[in-house]
Amino acid sequence: MYWLLFYDYAPDYMERRGPIRPQHFAWATEFRERGELLMAGAYAEPADGAVFVFKCDERETLERYVAGDPYQREGLVTGYRIREWTVVLGGDNDITFS
């Protein structure tokens, strides 16, 4: 299954992220190395959130990611949403139409 994780960032995210960023990337890398986190990135102007694409069997994987993320623990994340995502083009699920 594919999942999307949406983060909302605090208004002062850009000013506060510097010291926490290495731990945030180290945490994300653990999930990436296990093949659960496929890609992630912050929004461009304005940098008020981010999107993560996961491929895993259970929503709990994403809940565990959020709970352990230094950005979440340090208050840079003000809210998040998790959505199961039905991929129809790309990934392992290309659909052909006849």
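Me: What kinds of residue line the largest pocket?
Reply: The lining divides into 13 nonpolar, 3 polar and 3 charged residues. Keep in mind that this is a predicted model.

Me: Which residues lie nearest the centre of that pocket, and how many line it?
Reply: The lining has 19 residues. Nearest the centre are His-24, Phe-25, Ala-40, Gly-41 and Phe-52. The elements that give two or more residues to the lining are α2 (21-33), β2 (37-42) and β3 (49-55). The volume of the pocket is about 270 Å³.

Me: What makes Phe-25 nonpolar and Gly-41 polar here?
Reply: The residue type decides. Phe is on the nonpolar list, so Phe-25 counts as nonpolar. Gly is placed among the polar residues, so Gly-41 counts as polar.

Me: How do you know that β2 and β3 pair?
Reply: Count the bridges. Pairing needs at least two bridges. β2 and β3 have 5, in the antiparallel sense. They therefore pass the test. They form a hairpin with 6 residues between them. One place to look is Leu-37, which stands opposite Phe-54 in β3.

Me: What makes β1 and β3 a pair?
Reply: The cut-off is at least two bridges. Strand β1 (residues 2-9) is joined to β3 by 7 bridges, so the two strands pair. They run antiparallel. Phe-6 stands opposite Val-51 in β3. Tyr-7 stands opposite Ala-50 in β3.

Me: Why are β2 and β4 called edge strands?
Reply: Start with the sheet. It is open, has 4 strands in the order β2-β3-β1-β4, and its pairing is antiparallel. β2 and β4 (77-85) each pair on one side only, and that makes them the edges. From one strand to the next, the twist averages 15°.

Me: What makes β3 a mostly covered strand?
Reply: Of its 7 residues, 5 are buried. Buried means under 20% relative accessible area. Across the whole protein chain of 98 residues, buried residues make up 36%.

Me: Why is Gly-68 called buried?
Reply: The limit is under 20%. Gly-68 has a relative accessible area of 14%, so it is buried. It is found in helix α3. The other buried residues of that helix are Thr-61, Leu-62, Tyr-65 and Val-66.

Me: What does Gly-68 touch beyond its neighbours in sequence?
Reply: Leave aside residues within four places along the chain. Gly-68 is then in contact with Trp-27 and Arg-73. Contact means heavy atoms within 4.5 Å, so both residues meet that limit. Gly-49 is 19 residues from Gly-68 along the chain, with 18 Å between their C-alpha atoms.

Me: What do the buried residues of α3 pack against?
Reply: They pack against β1, α2, β3, α4 (70-73) and β4. The helix itself (residues 59-68) lies across β1, β3 and β4. It runs at about 25° to β1.

Me: At what angle does α2 run to β2?
Reply: The angle is about 155°, and α2 lies across β2 and β3. Angles run from 0 to 180 degrees between N-to-C directions, so this value belongs towards the upper end of the scale.

Me: Why is Tyr-43 called partly exposed?
Reply: Buried is under 20% and exposed is over 50%. Tyr-43 has a relative accessible area of 32%, which falls in between, so it is partly exposed. This residue lies in the loop between β2 and β3. Not counting residues up to four places away in sequence, Tyr-43 touches Phe-6, Tyr-7, Asp-48, Gly-49, Ala-50 and Val-51. Tyr-9 is 34 residues from Tyr-43 in sequence, yet their C-alpha atoms are 10.0 Å apart.

Me: Which peptide bond is cis, and what is its omega?
Reply: The bond joining Glu-45 and Pro-46 is cis, with omega about 0°. Most peptide bonds are trans. Pro-46 is found in the loop between β2 and β3.

Me: What pattern does the whole chain follow?
Reply: Along the sequence the pattern is β-α-α-β-β-α-α-β. That comes from 4 helices and 4 strands. The C-alpha trace spans about 50 × 30 × 20 Å along its principal axes. Among contacts between residues at least 6 apart in sequence, 72% join residues at least 24 apart.

Key: Residues numbered from 1 in each chain as written. Predicted model: local features only at pLDDT ≥ 70, side-chain atom pairs only at ≥ 80, totals over all residues. Heavy atoms only, no water. 1 Å grid on protein atoms, 1.4 Å probe; cavity = no way out; pocket = protein on both sides within 12 Å on 5 of 7 lines; lining within 4 Å. Points joined across faces, edges and corners; volume = space filled by probe spheres on them. Buried < 20%, exposed > 50% of the residue type's maximum accessible area, 1.4 Å probe, protein only.
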